[in-house]
Amino acid sequence: MSAPELGLPMRVPSPEAAALPEAVTIWEVGPRDGLQNEQGVVPVEVKLEFLHRLGAAGLRIVETTSFVRPEWVPQLADAAEVLAGLNPREGVRYPVLVPNARGLDRALEAGVTDIAIFAAATESFTRRNLNRGLDEQFAMFEPVVRRAVDEGLAVRGYLSMVFGDPWEGPVPVEQVVSAGRRLLEMGCAQLSLGDTIGVATPGHVESVLRAFAAAGVPSSQLAVHFHDTYGQALANTCAALRHGVSTVDSSAGGLGGCPYAKSATGNLATEDLVWMLDGLGIEHGVDLTALVATSAWLAEQLGRPSPSRVVKALS
């Protein structure tokens, strides 16, 4: 039984609706962040069909791949091949992650117009992920961002380990804000705050967002990226929406993880996010029925069921 047949979810006016954004931009990360942790290499033709279906379902930002070194993330070794085979849909952006200057070179060669860089708020994770210290990562990223901006590319900055680090534990809020501001000041147009291991709670989310506001960073420059390790991703998203954030990262079917943080589980499922946004009366532009069918199809390709609750309920 599909959502249209059920006539659900019902949109119920909330007394706090004025605090919610009228529309939310969904930054779909399934093809990159969702697939990167898969053990078996997904064929290029499956990735291209996945990208096609996501665009057809109404998603307007679909993070496509990463120009990371193949030995680091074998699943994304086919980045150039995927981009060469991509048939871009009008009105859809296809960002790619670039880890360094060489990654930017490859992105420019492929004709990419949107890139993202992946930094962290903690020393331990930057050492494991980038083989650099917390401060050293900014020296690496600054020329990449500067050149990308000069080339006319839109640049997003990911900040991981915002709410907790598996090696260091809780991360001081002032440390997070300092790292985030450095990414914005070097030229990133948007900062995505990542709950990489899924330990955030709504109160913690609110405290981080208040700290960014106090530091002069508007909510329009922020996005949120939650993992659902403790089942808090939707609650955390709601807290962020009430603080003015209107860009939310999610992964079709709830796919994902992090190859450098083994405690990281799947991302917030795009279908679960869409169901909640529908219930809140927030516009998003996504066809839920088509998206559920896409994730059900991909689950068949991967040989296991989707972890998304909405996909399970509607497919």
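1. W167 is a convenient place to start: this residue is partly exposed, with a relative accessible area of 37%. The model is a predicted one, and the points below concern its aromatic contacts and its salt bridges.

2. The structure holds four aromatic pairs. One of them joins F118 and F125 in an edge-to-face arrangement, with 6.4 Å from centre to centre and 70 degrees between the planes. F118 counts as buried at 18% relative accessibility, a value to be read against the limit of under 20% for buried residues. F125 is buried as well, its relative accessible area being 0%.

3. F125 also pairs with W167, and this contact is stacked: the centres are 6.4 Å apart and the planes make an angle of 25 degrees. F125 belongs to helix α6 (residues 123–130), whereas W167 sits in the loop between β6 (154–160) and α8 (173–185), so the pair ties together parts 42 residues apart in sequence. On one side of the stack is F125, buried at 0%; on the other is W167, partly exposed at 37%.

4. The aromatic residues F118, F125, Y158 and W167 make up one cluster. Two arginines lie over rings of this group. R128 is placed over the face of W167, at 4.1 Å from the ring centre. R32 is placed over the face of Y158, at 5.5 Å from the ring centre.

5. R32 has a second role in the contact list, as a salt-bridge partner of E63, with 2.8 Å between the closest N and O atoms. E63 lies in the loop between β2 (61–62) and β3 (65–66), and R32 lies in helix α2 (residues 30–34); the pair therefore ties together parts that are 31 residues apart in sequence. Both charged partners count as buried, because E63 has a relative accessible area of 0% and R32 has a relative accessibility of 2%. A network of salt bridges links R32, D33 and E63. R32 thus appears in this network and over the face of Y158, which is a member of the aromatic cluster.

6. In total, the structure holds 15 salt bridges. Another of them is formed by the side chains of D114 and R93, at 2.7 Å from N to O. D114 is in strand β5 (residues 114–120) and R93 is in the loop between α4 (79–85) and β4 (96–97), so this bridge ties together parts that are 21 residues apart in sequence. Accessibility is uneven here: D114 is buried at 6% relative accessible area, while R93 is partly exposed at 35%.

7. The bridge between R182 and D135 has its closest N and O atoms 3.0 Å apart. R182 lies in helix α8 and D135 in the loop between α6 and α7 (136–150), so the parts tied together are 47 residues apart in sequence. R182 is partly exposed, with a relative accessible area of 33%.

8. Helix α8 and the loop before it come up twice in this note. W167, in the loop between β6 and α8, contacts F125 of helix α6, and R182, in helix α8, contacts D135 in the loop between α6 and α7. For a check of the model in a viewer, the residues to display for these two contacts are F125 and W167, together with R182 and D135.

Key
Residues are numbered from 1 along each chain as its sequence is written. This is a predicted model: local features need pLDDT of at least 70, side-chain atom pairs count only at pLDDT 80 or more; totals for chains, interfaces and linings use all residues. Side-chain values use heavy atoms; hydrogens and water are left out. Rings of Phe, Tyr and Trp (its six-membered ring) pair if their centres lie within 6.5 Å; planes under 30 degrees apart count as stacked, over 60 as edge-to-face and the rest as tilted. Buried means under 20% relative accessible area, exposed over 50%, partly exposed in between (1.4 Å probe, protein chains only). Helices (H or I, at least four residues) and strands (E, at least two) are DSSP runs, numbered from the N terminus. A charge sits over a ring if NZ of Lys or CZ of Arg is within 6 Å of the ring centre and within 35 degrees of the ring normal. A salt bridge is a side-chain nitrogen of Lys or Arg within 4 Å of a carboxyl oxygen of Asp or Glu.
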